[in-house]
Amino acid sequence: MNFQVTGLGLDKMKLDSPQSFLDQEEAEEAEDRQLLEPEAWRTYVERRNALREFLTSDLSPQLLKRHHARMELLRKCSYYIEILPKPLALGDQNPLVLPSTMFQLIDPWKFQRMKKVGTAQTQIQLLLLGDLLEQLDHGRAALDSLLESPDPRPFLAGWGLVERRLADLSAVMDSFLAMMVPGRLHIKHRLVSDVGATKIPHIRLMLSTKMPVMFDRKESVAYQDWVSLRWFVTIQPAVPEQFELRFKLLDPRTQQECLQCGIIPVAACTFDVRNLLPNRSYRFTVKRAESYTLVYEPWRDSLTLQTRPGPPEGPAPSRLGKPGLPLTTPSER
């Protein structure tokens, strides 16, 4: 029920009609009460309030909206395999092996197989999250329509089904929240090859998430023959990251213009691309540089900018400078 709309309707009724909205609601409630015995009516009110409480707290539209936003963010994230030392059992004398040392012990071919497993597991997890969120949306819509039903008798007759739906939706919500965080990778085979007399270290593989790289659309600006690009990561990493910037001229008109493209490695969150054509549109994309542990990166941000027009052919008398002084434009500041 939309309380904001109800409030606006109440004000309007007070101003435009001698009968207030509250009186009308009470009249409707009295009509419904006549359909039930007093005891059944009390049961109906209690169960209706319990359902309303569930829909406004455990499954509110605001909560579902936040989950949809988090889901969209997860679809844009990058996913990596993280190698961690497994906690040692009491009395185990095997020394702790650092992740950098583990990479030297892991069989590269087996690790590539595990990356494929990590890719599949991430894709399945995102699909399941989307399916669970869709179940929550549909479940709330069904319960909300039941709550708005004008006849209380079907509501009471089907309360057993409503209780099962509430329990099922609570379980779906628990599964959704538990699956929001990437978990452990399931290893079927040993990743470390035979290392002779050396004791095989205890390792475990986890899926980790990095927030997407996105252009700063306010700070990225195009000039006449160059652009200044800025991008950011929502959660700044502990160590500096490497990025890959791509640019391409849209709708090239000559073979020479087809060369207006490139891939640029960048070690910062800003870069100026120069020697562009004036008054033309370029598409830019940015992502993290390729990593040995990357398993899934379904999305990269893109930005289209148009450079400013060049000066008109032939100098205009009104724009000629004084003798000995160079002409300047805003793009040369």
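These legends go with several close-up views of the structure above.

The model is predicted, so local features need pLDDT of at least 70 and side-chain atom pairs count only at pLDDT 80 or more, while totals for chains, interfaces and linings use all residues. Residues are numbered from 1 along each chain as its sequence is written, and side-chain values use heavy atoms, with hydrogens and water left out.

**View A. Helix 4 and its buried face.**
Let's start with helix 4, residues 61-76; helices here are DSSP runs of H or I with at least four residues, strands are runs of E with at least two, and both are numbered from the N terminus. The expected span is 1.5 Å times one less than the number of residues, which gives 22 Å for these 16 residues, in agreement with the 23 Å between the end C-alpha atoms. Buried in this helix are L63, L64, H67, M71 and L74 (buried is under 20% relative accessible area, exposed over 50%, partly exposed in between, with a 1.4 Å probe and protein chains only). Viewed along the axis, these residues lie within an arc of 95 degrees, so they line one face of the helix; the arc is taken from the directions between the helix axis and the C-beta atoms. Q62, K65 and R66 are exposed on the other side of helix 4.

**View B. Two cysteines without a disulfide.**
The whole structure holds 0 disulfides, a disulfide being a pair of cysteine sulfur atoms within 2.5 Å. For C258, the nearest cysteine sulfur is that of C261, 8.2 Å away. C258 is partly exposed at 40% relative accessible area, and C261 is also partly exposed at 40%.

**View C. A salt bridge inside helix 6.**
A salt bridge is a side-chain nitrogen of Lys or Arg within 4 Å of a carboxyl oxygen of Asp or Glu, and the count comes to 13. One of them joins R140 and D144, at 3.9 Å from N to O. The two sit 4 residues apart in helix 6 (residues 108-147), about one helical turn. R140 is buried at 12% relative accessibility, whereas D144 is partly exposed at 21%.

**View D. From a loop to strand 9.**
Here E297 and K287 form a salt bridge of 3.9 Å, N to O. E297 belongs to the loop between strand 10 (294-296) and strand 11 (301-306), and K287 to strand 9 (residues 281-288), 10 residues apart. E297 is partly exposed at 21%, but K287 is buried at 4%.

**View E. A salt-bridge network.**
Our last stop shows K210, E241 and R288, linked in a network of salt bridges.
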